[in-house]
Amino acid sequence: MAEIHLKSLAHSYDKHAEKPEYAIRHMDHVWEDGGAFALLGPSGCGKSTLLNIISGLLEPSDGDVLFDGVRVNDIPPQDRNIAQVFQFPVVYDTMSVFDNLAFPLRNMGAGDAKIQSKVGEIAAILELTEVLNKKAANLTADEKQKVSMGRGLVRDDVSAILFDEPLTVIDPQLKWKLRRKLKQIHEKFNTTMVYVTHDQLEASTFADKIALMYEGQVVQFGTPRELFERPNHTFVGYFIGSPGMNFLKVTRCEQGVCLGDKIFPLNEVEKQALRTSDSNNLKVGIRPEFVHLWDKPNGSAHRAEVGFIEDLGTYKIVSLKLGEHALKARLQEDQKVPQGHAYISFPEQWLMLYIDEFLVAKDESYE
Ligand code: ADP
Ligand code: MG
């Protein structure tokens, strides 16, 4: 097990081009020893590139990869002690399932007793015991991917296990089950695990902490709850949640920020941040879950038009228009939706200010 530190890392696949494009843009990141992490982000944001740099399949154009403080840039993949599971199964078709699972153990010179017990243990967890003697070629796609995962899991001496969207080819039922199993395996062995996915649900059910990646950088690293409650970049707000966070473009005004004649009060810390910035790229963000809806005028609530109501069983999504601006509220199934128009308010605690797309913390002590 190891702490993995990516230091001043950047990567371009065409660094000799006149204007190189960077798949990883200058970033620093630490995966703490023994954690269960998800690397989440849309397709093309650089997740696979980052994993391949950690395992050594790719050499970064700039920066260092450190395992427990030791630079490993020049150490080839096979000597880095990393197990990597890919999106599509990598199995030896002519070998039995047993031999496939035993392969990494034999490679490191493990004895027969150790191989028997370890292969048995992992096969049981992945429900492969029944097929141990089958040739891998005769397995279903699901089973093959389970073998592939098993090969990543059999060694208990690895520094980390990297999973690159490993459940893509698995059917939804089994997907859920395998994710739980991976979590159990993590709880049992405490190996550092990094699980790549573009699915926020998958990320939050597997990981204690999620690194959300956007255009080649980790924009936030935190618990699922932190990403939900305090998205530190508008992209995090937009990407996490269903539907994502509402953002309203606002302007500076005497009381803080305004949307036309509507005032959104700010606290002292936010006002101070506003004073020290000269940017006019200002937004307020509020999660649909935190928008309050009233059927009558209520304090500083703003009048909004009620549009489409989407009933999703246990909750509903109400589309609203605040003047020109569209936003959404997420209500419990039993909550009544006012007809025609409603009065909406945003609890101060949940109304976030963004300057140049980055969150202004409400409290200076919060990181
Ligand atoms: P993700 O895994 O998040 O979908 P990737 O790491 O595969 O993203 O890709 C990040 C960026 O790097 C994309 O713009 C992609 O087109 C580019 N890229 C990935 N692999 C290569 C490659 N072998 N050669 C050139 N460009 C690549
Ligand atoms: Mg990928």
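# A tour, starting at ligand 1

Select cysteine 45 first: one of its backbone N or O atoms lies 3.3 Å from an oxygen atom of ligand 1. Keep in mind throughout that this is a predicted model.

**Stop 1: around the ligand**

Now add lysine 47. A polar atom of the lysine 47 side chain lies 2.8 Å from an oxygen atom of ligand 1. Then pick threonine 49. Its side chain has an N or O atom 2.5 Å from an oxygen atom of the ligand. Widen the selection to see what surrounds ligand 1. Tyr13, Ala23 and Pro42 are there, with Ser43, Gly44, Cys45, Gly46, Lys47, Ser48 and Thr49.

**Stop 2: the four-stranded sheet**

Select S1, S2, S4 and S5. These four strands form an open sheet. Read across it and the order is S2-S1-S4-S5, with antiparallel pairing. Which strands stand at the edges? They are strand S2 (24–31) and strand S5 (70–71). Each has a single partner strand, so one side of each is left without a neighbour in the sheet. Zoom in on strand S1, residues 4–11. Five bridges join S1 to S2, and the two run antiparallel. Show histidine 5 next. Opposite histidine 5 stands valine 30, in S2. As a rule, strands of a sheet pair through backbone hydrogen bonds.

**Stop 3: the largest pocket**

Select Ile82, Ala83, Gln84, Arg151 and Arg155. You are now at the largest pocket, which holds about 590 Å³ of space. It is lined by 21 residues, and the five just selected are the closest to its centre. Colour by element next. Strand S6 (82–85), helix H2 (97–107) and helix H4 (141–153) each give two or more residues to the lining. Which element gives the most? S6 does, with four residues. Colour by class instead, and the pocket lining shows twelve nonpolar, seven polar and two charged residues.

**Stop 4: the cavity**

Stay with Arg155, which also lines the largest cavity. Add the other lining residues: Lys118, Leu153, Asp156, Val158, Ile161, Ile185, Phe189 and Thr191. How many cavities of 30 Å³ or more does the structure hold? It holds one. The largest cavity has a volume of about 60 Å³. Its lining divides into five nonpolar, one polar and three charged residues. Rolling a probe the size of a water molecule over the atoms shows where empty space is left.

**Stop 5: an unusual phi**

Go to glutamate 127. This residue sits in the loop between helix H3 (112–125) and H4. Check its phi: the value is near 55°, positive in a residue other than glycine. Most residues other than glycine have a negative phi, and most peptide bonds are trans.

**Stop 6: a cis peptide bond**

Jump to serine 242 and proline 243. The peptide bond that joins them is cis, with omega about -5°. Look to either side of proline 243. Its loop runs between helix H8 (234–239) and strand S11 (246–253).

**Stop 7: the five-stranded sheet**

Finish with strands S15 to S19. Five strands form an open sheet here, in the order S15-S19-S16-S17-S18. The pairing is antiparallel. Where are the edges? Find strand S15 (292–294) and strand S18 (325–332), each of which pairs on one side only. Turn the sheet to see its twist, which averages 45° from one strand to the next. Now isolate strand S17, residues 315–322. Eight bridges join S17 to S18, and these strands run antiparallel. Last, select leucine 322. Histidine 325, in S18, stands opposite leucine 322.

Notes:
Residues numbered from 1 in each chain as written. Chains lettered and ligands numbered in written order. Predicted model: local features only at pLDDT ≥ 70, side-chain atom pairs only at ≥ 80, totals over all residues. Heavy atoms only, no water. 1 Å grid on protein atoms, 1.4 Å probe; cavity = no way out; pocket = protein on both sides within 12 Å on 5 of 7 lines; lining within 4 Å. Points joined across faces, edges and corners; volume = space filled by probe spheres on them. Nonpolar A, V, L, I, M, F, W, Y, C, P; charged D, E, K, R; others polar. Pairing = 2+ DSSP bridges. Axes fitted to C-alpha atoms, helices over the stretch in contact; angles between N-to-C directions. Near = heavy atom within 4 Å. Polar contact = N/O pair within 3.5 Å; in protein donor to acceptor, adjacent residues only side chain to side chain.
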